[in-house]
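Open the model in your viewer and set side chains to sticks. This tour goes from one salt bridge to the next.

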Amino acid sequence: MGNSIRTQNQLKIRQPLSKLEVRSINEVIPVLSDWMKEIIKSELNVKNVLDVINITESADNIIQENMSLKVTIGLLTSITDELKEEGIVRDFVRLIQSLRKSRGFVQGEKIKIEFYSENLALKDIIVRNENSIKEIVGAEKIIENTNNPGLEQKLDGKIVKLTLIKSNE
């Protein structure tokens with residue numbers, strides 16, 4: 001149900017959302033257990049999953065019902081600046097991992113990343129999140145290179161050029 005709301009609203013799964021509300025009148029599962037909430041958080045990429053008595057529909061809180069399961073959900077689709085940044089970082093990581101794979105790098109092999117974008121906001125996001133990006137992708141360095149002839153990619157609708165270099169090169 002949550003994935004269909006994402007699809008209908010063109011929200012990629014890599015874009016984190018803040019909240020999913022669940023109202024259940026199902027006698028078998030009247031309340032979500034903690035482990036169920038964790039699975040839902042992971043699968044739908046939401047920060048919070050809440051059991052609620054009532055769900056109020058709004059422009060940003062999209063409701064969907066499943067009468068056979070006796071469950072109603074409300075997915076908050078508004079995206080804060082922090083959530084937007086987290087989604088951009090996830091997309092950047094995906095671009096790097098995809099480039100790693102296409103270049104034939106071995107898993108666990110340390111790399112250096114050179115990037116360039118004319119978009120200042122995008123550069124700031126990459127620099128601000130450098131440490132977490134390095135940790136996730138196994139990079140020793142992330143360097144902005146204004147002469148980067150790397151592979152042009154789109155990130156949040158903006159162009160970023162990426163070059164990956166094996167650390168021993």
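In this tour, buried means under 20% relative accessible area, exposed means over 50%, and partly exposed is in between. The model is predicted.

Select Asp-91 to begin. Its relative accessible area is 9%, so Asp-91 counts as buried because the cut-off is under 20%. Now add Lys-12, which forms a salt bridge with Asp-91; the closest N and O atoms are 2.7 Å apart. This pair links distant parts of the chain: Lys-12 is in the loop between helix H1 (2–8) and strand E1 (17–24), Asp-91 is in helix H3 (residues 81–103), and 79 residues separate them. Lys-12 is partly exposed, at 44% relative accessible area.

Keep both selected and add Arg-14 and Arg-94. Salt bridges with shared partners join Lys-12, Arg-14, Asp-91 and Arg-94 into one network.

Next, select Lys-37 and Asp-51. They form a salt bridge, with the closest N and O atoms 3.8 Å apart. Lys-37 belongs to helix H2 (residues 34–44) and Asp-51 to strand E2 (residues 46–51), 14 residues apart. Which of the two is buried? Lys-37 is buried, with a relative accessible area of 18%, whereas Asp-51 is partly exposed at 28%.

Last, select Glu-109 and Lys-166. Their salt bridge has its closest N and O atoms 3.8 Å apart. Glu-109 lies in the loop between H3 and strand E5 (111–116), Lys-166 in strand E8 (residues 158–166), 57 residues apart. Lys-166 is partly exposed, with a relative accessible area of 27%.

To look further, note that the structure holds 15 salt bridges.

Conventions
Residues are numbered from 1 along each chain as its sequence is written. This is a predicted model: local features need pLDDT of at least 70, side-chain atom pairs count only at pLDDT 80 or more; totals for chains, interfaces and linings use all residues. Side-chain values use heavy atoms; hydrogens and water are left out. A salt bridge is a side-chain nitrogen of Lys or Arg within 4 Å of a carboxyl oxygen of Asp or Glu. Helices (H or I, at least four residues) and strands (E, at least two) are DSSP runs, numbered from the N terminus. Buried means under 20% relative accessible area, exposed over 50%, partly exposed in between (1.4 Å probe, protein chains only).
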